[in-house]
Amino acid sequence: MLYSPDNFTPLTDTAWDEARVRDAIRAIVVDIDAACRGPRLLWKADPWDGWRSTRPMKNLYVGAAGVLWGLDRLRSRGYAETELDLSTLAAGLAELSQARPDFMKGVELPDERESSLACGRAGTAYVAWKLTRDQTLEDELHARVDANLANDADEMMWGTPGTLLLASTMATETGAERWHVLRGKTAETLLRRRDGAGWWEQHLYGEHYRGTGPWHGLVGNVAALAPALEGAERTRLLADTEWLLEQTAVVEDGLANWPFSNRPRLVSPDGEIRLQFCCGAPGIVATAATYLRRELLLAGAELAWRAGPPGMEKGPCICHGTAGTGHAFLKVLERTGDERWLDRARRFAMHALEQVRRREHGRYSLFTGDVGVALFAADCVEGRSEIPLFDML
């Protein structure tokens, strides 16, 4: 078996309707605006998002920084105009995240945790800088990226791959030479830590393993590293990674899934076979779509389509829900030009928006919440995929 069927639900029969989608995006923004409790309390965290953490959540992954970034992105793309003063909230967030960081307690975290793009100060400071253009924040960001070179997590959420994305973004946005230099230094460091077989070993949460997925493994690292390389070095990295993905794929009857790490079995220690963005075929397809062998790309995407959208326990979100799987379909569209995948992504968008409405209250985060769903729905309007962090900041 390639996935756990009990985790999935029949797809909605609701047809794609762009006007309804745009209305739903605006409704999500209205709800986010109304739920904001001010610059100190921000948004109430879902119990999963705030697990063992100091609330309010402030980080880019499941906290206020991600919500502010998402609202700004929807505004700049013309989908919804928030009534919140994003720059004022961002300035306050920068101070609050420094005074009261929201790291998980009782979990072994990297020593350089403050420099995490997704969960640390680097991500919140970036969003605050983007919305305020405060030079002090830019200087801090530079120091954070430089400090993270020694982080042995070697994955996107906490490690050097995440801060490589940050350095690349800052080099583009500022044009400053120091960011181009630091981008090159970070890419060189990450490439050097790749082992002889083409893997990175993650040192995270007290465990050591060779991960495959976007957040904690191979395809996430390559998504950050490949754009920073040129010529033969980049070609070799992509070819080696494609080969590793072929070796780790579990294929049955023309369908494919991938384990969390380079082990031979799909079943996780909890007995679940995951099929979602953060673990399994949707994440592999979404982040390796440009170089993954076409047959495997389609085999992974087809499995996700046949499984259907995740149920309400996983929800409509990007990280482990309906929107994350939908991004994989949009990436296949970009690779193949086959409009069938746009139709499938749009069906998933309609389902995800219905899941948002079905809940008793909103969920306020980028990767596990409603603003991420709104961004995915906007991508479906435009027929392209723009995965937060992995594709852009």
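## Arg-77 and its partners

Let's start with Arg-77, which sits in the loop that runs between helix 2 (64–76) and helix 3 (86–99). This is a predicted model, and in it Arg-77 has a relative accessible area of 14%. Buried means under 20% here, so Arg-77 counts as buried.

What does the side chain of Arg-77 pair with? Its partner is the side chain of Glu-382, through a polar contact of 3.2 Å. Leaving out residues up to four places away in sequence, Arg-77 also touches Leu-375, Ala-378, Asp-379, Arg-384 and Glu-386, along with Glu-382 itself.

## Asp-85, in the same stretch

Asp-85 lies in the loop between helix 2 and helix 3, and that is also where Arg-77 is found. At 44% relative accessibility, Asp-85 is partly exposed, whereas Arg-77 is buried. The side chain of Asp-85 makes a polar contact of 3.0 Å with the side chain of Ser-87.

For a sense of scale, try Asp-85 against Arg-293: the two are 208 residues apart along the chain, and 45 Å separates their C-alpha atoms.

## The whole chain

Zooming out, the protein has 14 helices and four strands. Its C-alpha atoms fill a box of roughly 55 × 50 × 40 Å along the principal axes. The radius of gyration is 20 Å, which agrees with the value near 21 Å for a compact globule of 393 residues.

Of those 393 residues, 62% are buried. Take the contacts between residues at least 6 apart in sequence, and 69% of them join residues at least 24 apart. The accessible surface comes to about 15200 Å², with 48% of that belonging to carbon and sulfur atoms. On the charge side, there are 46 positive and 56 negative side chains, and the centres of the two sets lie 1 Å apart.

## Asn-151 and its loop

Asn-151 belongs to the loop between helix 5 (135–147) and helix 6 (160–174). Buried or exposed? Asn-151 is buried, with a relative accessible area of just 3%.

The side chain of Asn-151 has backbone partners. One of its polar atoms lies 2.9 Å from the backbone nitrogen of Ala-153, and a polar atom of the side chain is 3.0 Å from the backbone oxygen of Trp-158. Setting aside neighbours within four places in sequence, the contacts of Asn-151 are Pro-110, Glu-112, Trp-158, Gly-159, Thr-160 and Arg-193.

## Helix 10, wrapped up

Helix 10 covers residues 281–288, and eight of its eight residues are buried, so the helix is largely enclosed by the rest of the structure. The buried set reads Ala-281, Pro-282, Gly-283, Ile-284, Val-285, Ala-286, Thr-287 and Ala-288.

Which elements do the covering? Included are helix 8 (218–225), helix 9 (231–248), strand 4 (255–257), helix 11 (294–307) and helix 12 (322–336).

## Glu-242 on helix 9

Helix 9 is among the elements covering helix 10, and Glu-242 is one of its residues. Glu-242 is partly exposed, at 22% relative accessibility. Beyond its neighbours within four places in sequence, Glu-242 is in contact with Tyr-291, Leu-292 and Arg-293.

Arg-293 has come up already, as the residue whose C-alpha atom is 45 Å from that of Asp-85. From Glu-242 to Phe-8, 234 residues apart along the chain, the C-alpha separation is 28 Å.

## Backbone oddities

Where is the cis peptide bond? The bond from Arg-55 to Pro-56 is cis, with omega near 5 degrees. Pro-56 is in the loop between helix 1 (18–35) and helix 2.

Then there are positive phi values outside glycine. Tyr-205 has phi near 55 degrees and sits in the loop between strand 1 (202–204) and strand 2 (207–209). Its relative accessible area is 31%, so Tyr-205 is partly exposed. Asp-253, not a glycine either, has a positive phi of about 50 degrees. Its place is the loop between strand 3 (250–252) and strand 4, and at 78% relative accessibility Asp-253 counts as exposed.

Terms used: Residues are numbered from 1 along each chain as its sequence is written. This is a predicted model: local features need pLDDT of at least 70, side-chain atom pairs count only at pLDDT 80 or more; totals for chains, interfaces and linings use all residues. Side-chain values use heavy atoms; hydrogens and water are left out. Helices (H or I, at least four residues) and strands (E, at least two) are DSSP runs, numbered from the N terminus. The radius of gyration is taken over C-alpha atoms; the globule rule is 2.2 Å times the number of residues to the power 0.38. Buried means under 20% relative accessible area, exposed over 50%, partly exposed in between (1.4 Å probe, protein chains only). Contact means heavy atoms within 4.5 Å. Accessible areas come from the Shrake-Rupley method with a 1.4 Å probe; for residues, only the protein chains shown count as cover. Lys and Arg count as positive and Asp and Glu as negative; His and the chain ends are not counted. The place of a charge is taken as NZ of Lys, CZ of Arg, CG of Asp or CD of Glu. A polar contact is a pair of N or O atoms within 3.5 Å; within protein, one must be able to donate a hydrogen and the other to accept it, and residues adjacent in sequence count only if both atoms are side-chain atoms.
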